[in-house]
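Here is a quick walk through one structure, written for someone who likes to have the geometry spelled out. Have a look at the model first, then read on.

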Amino acid sequence: MKTKNPKLSSVRQKKILSFVFVYWKRLALASLCMIVTAGANGAMAFLVKPVMDDIFISKNREMLLLIPGAAVLVFFLKGMGSYGSEYLMNHIGETMIRFFRDSLYEKITDLPISFIHKEKTGVLMSRITNDVNIVKGMVSTAVINVFRDFFTVIAFLFVIFYRDWKLALGAFIVLPLAFYPIVLFGRRVRKFSTGSQETMADLNSFLHETFTGSKIIKIFNLEALEKYRFKEKTKQLFRLEMKKITANALSSPIMEFLGGLGIAFIIWFGGMRVINGTSTPGTFFSFLTAVMMLYDPVKKLSRLNNTIQEGAAAAARIFDVLEEESPILEKENPEMLSGKALDVEFDHVSFSYTEGGPETLTDIRIKAAPGEVIALVGMSGGGKTSLVNLLPRLYDVTKGAVRIAGKDVKDLSVKSLRDHISIVTQEPILFNESVRDNICYGKMEAMDGEIEEAARAAYAYDFIQGFPKGFDTVIGELGSRLSGGEKQRICIARALLKDAPILILDEATSALDSQAERVVQKALENLMKGRTTFVIAHRLSTIDYASRIILLKEGSIKEQGTHEDLMALKGEYYKLQTLQSVKGLE
Ligand SMILES: Nc1ncnc2c1ncn2[C@@H]1O[C@H](COP(=O)(O)OP(=O)(O)OP(=O)(O)O)[C@@H](O)[C@H]1O
Ligand SMILES: [Mg+2]
């Protein structure tokens, strides 16, 4: 998905800020910890003067005891403050990660199928895994830097001016020259890291695609090509990373050198004041310590912009998904569907996958009486799957209406609509859970007996029993051991268990051999009794028992009637049939 706007709009900024400020108590406590840390940092530079002047020069024994004690206290406070702020800020950050992950998953799950098909799976996954982390980086790191480093800078500035304001004024003409390159380097780093992030997301979806498609890659001998494509991507990533690293690695030495010039100036100017007797060695060293310690927080503050920019880009990508408009599927006070015998009507239905795009289905008119079995046949790509997808509203019609029991499906509660439809999809879909759970998707509260019954009826019981843990075997444990036909039979068992009044079988038995098919067919015939059924089949043997056959071609109904009617027509159906029997003879 293209990010419409890599910068965050003010509305989105407010959303993030309001999220953070919900935790204002934690935030306040974290700020307090940061102030303590900053104060302790300043105190460290401050203590250098009494160490020098009172202990080393005046040889004051009382101070010899007091100052180490003070140092211990300062370090203790610094440690406590640092722990507290890190813990609290990361707690807020992690809470935010969780919130965004959950919301993204909820959103994506609720979005219509068309959205999920439009996006690459790898890209959607990286929204939930990577981008969320980057936003967290922005929130916790940036906030920590802003507060802690800002307070620390203030504390050091206080020490610097308190110790020797004349020297401070001199130094502040020289030091900005040393600090300016930080900003320049920061910009370069940012440029490269945006590039490397995009390449990384690209790499992710490449991996996802090639691993899931590994079979094809092997069969078509594409290993060399894929390796080459992958290496091109890692090469690009390498270049970007190296540029980033070079900028980063150069920034420290150059800044240190420039800083060295500044310090040389301070030694010259400050040393002169000590020699003249206008300052003491303690004052000078305390000053120098504070200036040197200033480097780190200034550097971090200068990088802040990077972190914020990166985070903002990631947050924009996240918000693009979260703000994706989901078409409202349900109207207010939707009707509930009820009853065991339901008629289905496609009333002048037209449908296209894209707005204004070519019509996949044109002016379809079908009336199926309760309990009627209708077979949909036709060449591949004719629109059979698209047509049945309109029933459970996986997609919505572009024109016309789909009615069940006289009610437009758009007026029905989506849950109640889908509760009344059972489907065996064209590709068997199993989740990485136990076989039992996979069948249970049909009816979550089913008892073991019912599940086994369904498996028996789908002729799946025996092979399931042969699995290492029977019904409790997790699909993933079987690896790719399940055959296409076995997968289909588990899916059929799931559909059987659901026991819904409307049944859709999309090539449900296509992966079975003729013998197994005949057996499962019987089970399906039993299942179809009294249910309004749409059977899609290429094999004409599977549609014998349909009361009506509808032939779809290029999205329109070309022929319909009984097998005998259509054979007598000597049209498309006749052609399909004869083609098949010729094939059967081969
Ligand atoms: N998600 C989609 N987005 C856009 N076009 C699609 C989508 N799914 C299918 N189509 C197109 O719609 C047309 C009808 O496809 P459909 O899957 O309904 O055919 P089918 O009759 O079920 O074919 P098959 O017998 O091969 O399963 C095809 O031209 C196909 O390319
Ligand atoms: Mg299909």
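## Helix, rings, metal and core

Let's start with helix H2, which covers residues 24–57: its 34 residues reach 48 Å from the first C-alpha to the last, close to the 50 Å expected at 1.5 Å a residue. Keep in mind that this is a predicted model. H2 also carries a kink of about 25 degrees, centred on Val51. After the helix comes Lys59, with a positive phi near 55 degrees.

Now for the rings. Searching the whole structure turns up 20 aromatic pairs. Take Trp268 and Phe269: their ring centres are 6.2 Å apart and their planes meet at 40 degrees, so this pair is tilted. Trp268 counts as exposed because its relative accessibility is 53%, over the 50% cut-off. Phe269, at 23%, counts as partly exposed. Elsewhere, ring pairs join Phe46, Phe158 and Tyr162 into a cluster.

Phe46 has a charged partner too, as Arg163 lies over its face, 3.9 Å from the ring centre. Arg456 does something along those lines with Tyr461, its charged end sitting over the ring at 3.9 Å from the centre.

What holds the magnesium ion (ligand 2) on the protein side? The protein donors are OG1 of Thr385 and OE1 of Gln426, lying 1.8 to 2.3 Å from the ion. These two link distant parts of the chain, 41 residues apart: Thr385 belongs to helix H10 (residues 384–389), while Gln426 is in the loop between strand E6 (421–424) and helix H12 (435–440). Here are the two donors side by side:

| Donor residue | Relative accessibility | Class |
|---|---|---|
| Thr385 | 27% | partly exposed |
| Gln426 | 35% | partly exposed |

Both values fall between the 20% and 50% cut-offs, which means neither residue counts as buried or as exposed.

Last stop, the largest nonpolar core. This one has 46 residues, and those touching the most other members are Val435, Ile439, Ile464, Phe471, Leu482, Ile492 and Leu505. Quite a few elements each supply at least two residues of this core, including strand E3 (373–377), H12, helix H13 (448–457), helix H14 (461–465), strand E7 (502–506), helix H16 (514–528) and strand E9 (548–553). Which helix gives the most to this core? That would be H15, with 7 residues.

Conventions
Residues are numbered from 1 along each chain as its sequence is written. Chains are lettered from A and ligands numbered from 1 in the order in which they are written. This is a predicted model: local features need pLDDT of at least 70, side-chain atom pairs count only at pLDDT 80 or more; totals for chains, interfaces and linings use all residues. Side-chain values use heavy atoms; hydrogens and water are left out. Donors are N, O and S atoms within 2.8 Å of the metal (3.2 Å for Na, K and Ca); water is not among the atoms, so sites may look incomplete. Helices (H or I, at least four residues) and strands (E, at least two) are DSSP runs, numbered from the N terminus. Buried means under 20% relative accessible area, exposed over 50%, partly exposed in between (1.4 Å probe, protein chains only). The expected span of a helix is 1.5 Å times one less than its number of residues. The bend at a residue is the angle between axes fitted to the seven residues ending there and the seven starting there. Rings of Phe, Tyr and Trp (its six-membered ring) pair if their centres lie within 6.5 Å; planes under 30 degrees apart count as stacked, over 60 as edge-to-face and the rest as tilted. A charge sits over a ring if NZ of Lys or CZ of Arg is within 6 Å of the ring centre and within 35 degrees of the ring normal. A nonpolar core is a set of buried Ala, Val, Leu, Ile, Met, Phe, Trp, Tyr and Cys residues joined through side-chain atoms within 4.5 Å.
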